[in-house]
Amino acid sequence: MSSAVRYSYRRLTRADVSLLKDLLGVFGEAFGEIDTYQHSVPGDDYLTRLLTKQHFIAVVAMNGKEVVGGLAAYELDKFEQDRREIYIYDLAVGQSHRRRGVATGLIGELRRIASKRNVYVIFVQANPEDAAAIALYESLGTKETAYHFDIGVLPSDTAV
C-alpha cells in the first residue's frame, strides 16, 4: 500500500536563507534558466535582509526537508486607495511534483497571508504558451488581458 505524498507550506523567514537558495534552484530548473537563478546568487546577508522586508513574501512547498516548489511575491501599497495588492513574481514546482496540487497549495498559503494583511487582490502574469499555468490561474481567479513591457534603465550617469 503506497501512501500519498504530503506537502507542507510555509512562509520563509530570515532564518530560512538556505531554503530560499534551494527555491532559487527549483526556479532555475523549472524555468530552464539555471544561469539566471544560480550563477550570481546573492550572499547570505543580502538574502537575510530581503527575507526581513515586509513587502517580500517567499512561500515554499516542502516534501519532508526538500523544497519542491515555491513562490516569490511582493506586496504593493496602492496610492489611489488605502489598500494593498500582492503580485506573484515567480511560482514554480519541481517536475516530479507537478500535477499534485502543490501550486494550488502555495497560492492557498499566500491567500492566507494576504487575508491577514488586508490585501484586496493577488495578481499574476502567465506566458501565453504556458497552458498549465493559465489553467491553474483560471481555476482560481478572473483573467484580464494585458501586455507586459520591459523598459530599459538609463545608465546612472545619464541625466534625464
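**View A. The residue just after helix α1 in the predicted model.** Gly32, which directly follows α1, takes a positive phi of about 65 degrees. Helices (H or I, at least four residues) and strands (E, at least two) are DSSP runs numbered from the N terminus. The model is predicted, so local features need pLDDT of at least 70 and side-chain atom pairs count only at pLDDT 80 or more, whereas totals for chains, interfaces and linings use all residues. Residues are numbered from 1 along each chain as its sequence is written, and side-chain values use heavy atoms, with hydrogens and water left out.

**View B. Helix α1 and its surroundings.** Because a helix is expected to span 1.5 Å times one less than its number of residues, the 15 residues of α1 (residues 17–31) should cover 21 Å, which agrees with the 21 Å between its end C-alpha atoms. Its buried residues (under 20% relative accessible area, 1.4 Å probe, protein chains only) include Leu20, Leu23, Leu24 and Phe27. The buried residues of α1 pack, with contact meaning heavy atoms within 4.5 Å, against elements among them α2 (34–38), α3 (44–52) and β3 (66–77).

**View C. The β2–β3 hairpin.** Strands β2 and β3 run antiparallel and are joined by 8 bridges, where pairing requires that DSSP finds at least two bridges between two strands. Ile57 has Ala73 in β3 as its bridge partner. The hairpin has 2 residues between its strands, and Gly64 in the turn has a positive phi of about 70 degrees.

**View D. The β3–β4 hairpin.** Strands β3 and β4 pair in the antiparallel sense over 9 bridges, with Glu75 opposite Ile86 in β4, and the hairpin joins them through 6 residues.

How values were computed. Buried means under 20% relative accessible area, exposed over 50%, partly exposed in between (1.4 Å probe, protein chains only).
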